[in-house]
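Please open the structure in your viewer and keep the selection tool at hand. The tour below goes from stop to stop, saying at each what to select and what is there.

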Amino acid sequence: MHSYRARQDVSVLSDHLEVPGLGFLAVNAFVIHAAQPVVVDTGLGLPDRDFLTCLADVIDPADVRWIWLTHPDRDHTGGLFALLDAAPQARVVTTFTGAGIMSAERPLPMNRIYLLNPGQSLDVGDRRLTGFRPPLFDNPATVGVLDTSSGVCLSSDCFGAPLPTATLATAQDAADVSPGELRAAQLLWAAVDSPWVHTVDPAKFAVSFGTLRDFSPTAVLSTHLPPVTGDSTALFATLLDAPSACPFTGPDQAALEAMLHQFQPA
Ligand SMILES: [Fe+2]
Ligand SMILES: [Fe+2]
């Protein structure tokens, strides 16, 4: 893991995961350096990752006031309980559903929860953060963040893309990826992560971009893509094609065994 500033007031805690057959997926968490500091997601839970140490490079964990959990998938909750211990004032921003999902494995303490639905806002001292439902999501608890002060959108899994190399997955700007390659990878990720998108009415799906389009973000920070700054027209246009993109089917047991056979010594 390493960290960098994507904006004056937003740090990226950058990690990645190799997904066999798909490529290298960014796994980003973020710190919004607001008057009341906000950590957005808490990274992977793999034993060799140390979220708190990476976080400590950009902020004293004890100063964190809010942990905005965009959704409780395991690539977003890795450092959650360590951070709750290290940040005694911090509360976890999630939904009723998110808290319920967490309760199936390790319940969040009720006095550390702050329930927020899409459309509602959180006052973090010097700005308001508004929750929104990204057009694509893989978990019913998903709530992205619109920072009304900086214009930055934190989109959770939406806009993610598995990329050809670890270097690209951890790049500081998605512009390092060619536009054609980025489009193909985003449509692949849409099919993998949100397979329901192939069943939706494209016109109704397009309407779901309204909140984001109206917000007109100055930057889109996805958990699974390097930061996108500037014009996001191409990003939106790509995902509008997701309903008609090629569905994804993962390798089955026969394919797995064929793959493993290639690795056997002669
Ligand atoms: Fe997810
Ligand atoms: Fe994710």
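The stops are the metal site, the cysteines, the cavity and the pockets.

This is a predicted model, in which local features need pLDDT of at least 70 and side-chain atom pairs count only at pLDDT 80 or more, whereas totals for chains, interfaces and linings use all residues. Residues are numbered from 1 along each chain as its sequence is written, chains are lettered from A and ligands numbered from 1 in the order in which they are written, and side-chain values use heavy atoms, with hydrogens and water left out.

**The metal site**

Select the iron ion (ligand 1) and display its protein donors, which are His 71 through NE2, Asp 73 through OD, Asp 138 through OD, listed twice, and Asp 157 through OD, at 2.1 to 2.4 Å from the ion. Donors here are N, O and S atoms within 2.8 Å of the metal (3.2 Å for Na, K and Ca), and since water is not among the atoms, sites may look incomplete. Along the chain, the donors of this ion follow the spacing H-x1-D-x64-D-x18-D. Add the iron ion (ligand 2), which lies 3.4 Å from the iron ion (ligand 1), with Asp 157 coordinating both.

Now colour by secondary structure, where helices (H or I, at least four residues) and strands (E, at least two) are DSSP runs numbered from the N terminus. Asp 138 sits in the loop between strand 9 (128–132) and strand 10 (144–147), and Asp 157 in the loop between strand 11 (152–154) and helix 4 (166–169), so the pair ties together parts that are 19 residues apart in sequence. With buried meaning under 20% relative accessible area, exposed over 50% and partly exposed in between (1.4 Å probe, protein chains only), Asp 138 is partly exposed at 30%, while Asp 157 is buried at 4%.

**The cysteines**

If a disulfide is a pair of cysteine sulfur atoms within 2.5 Å, how many disulfides does the count come to? The count is 0. Select Cys 153, whose sulfur is 7.9 Å from the closest cysteine sulfur, that of Cys 158, too far for a bond; Cys 153 is buried, at 0% relative accessibility. Cys 246 is likewise in no disulfide, the nearest cysteine sulfur, in Cys 158, being 19 Å away, and Cys 246 is exposed, with a relative accessible area of 64%.

**The cavity**

On a 1 Å grid over the protein atoms alone, a cavity is a set of points where a 1.4 Å probe fits but cannot get out, and a pocket is an open set with protein on both sides within 12 Å along at least five of seven lines, lining residues having an atom within 4 Å of a point. The whole structure has 1 cavity of 30 Å³ or more. Among the residues to select in the lining of the largest cavity are Phe 137, Asp 157, Cys 158 and Trp 189.

**The pockets**

Move to the largest pocket, about 350 Å³ in volume, and select Gly 45, Arg 74, Thr 77, Gly 78 and Glu 105, which lie nearest its centre among 14 lining residues. Helix 2 (80–86) and helix 3 (96–103) are the elements that give two or more residues to this lining.

Finish at the second largest pocket, of about 260 Å³, where Leu 182, Val 228, Asp 231, Ala 234 and Leu 235 are the closest to the centre of the 15 lining residues. Helix 5 gives the most to the lining of this pocket, with 4 residues.

Definitions and conventions: A disulfide is a pair of cysteine sulfur atoms within 2.5 Å. Grid points are joined across faces, edges and corners, and a volume is the space filled by probe spheres set on the points.
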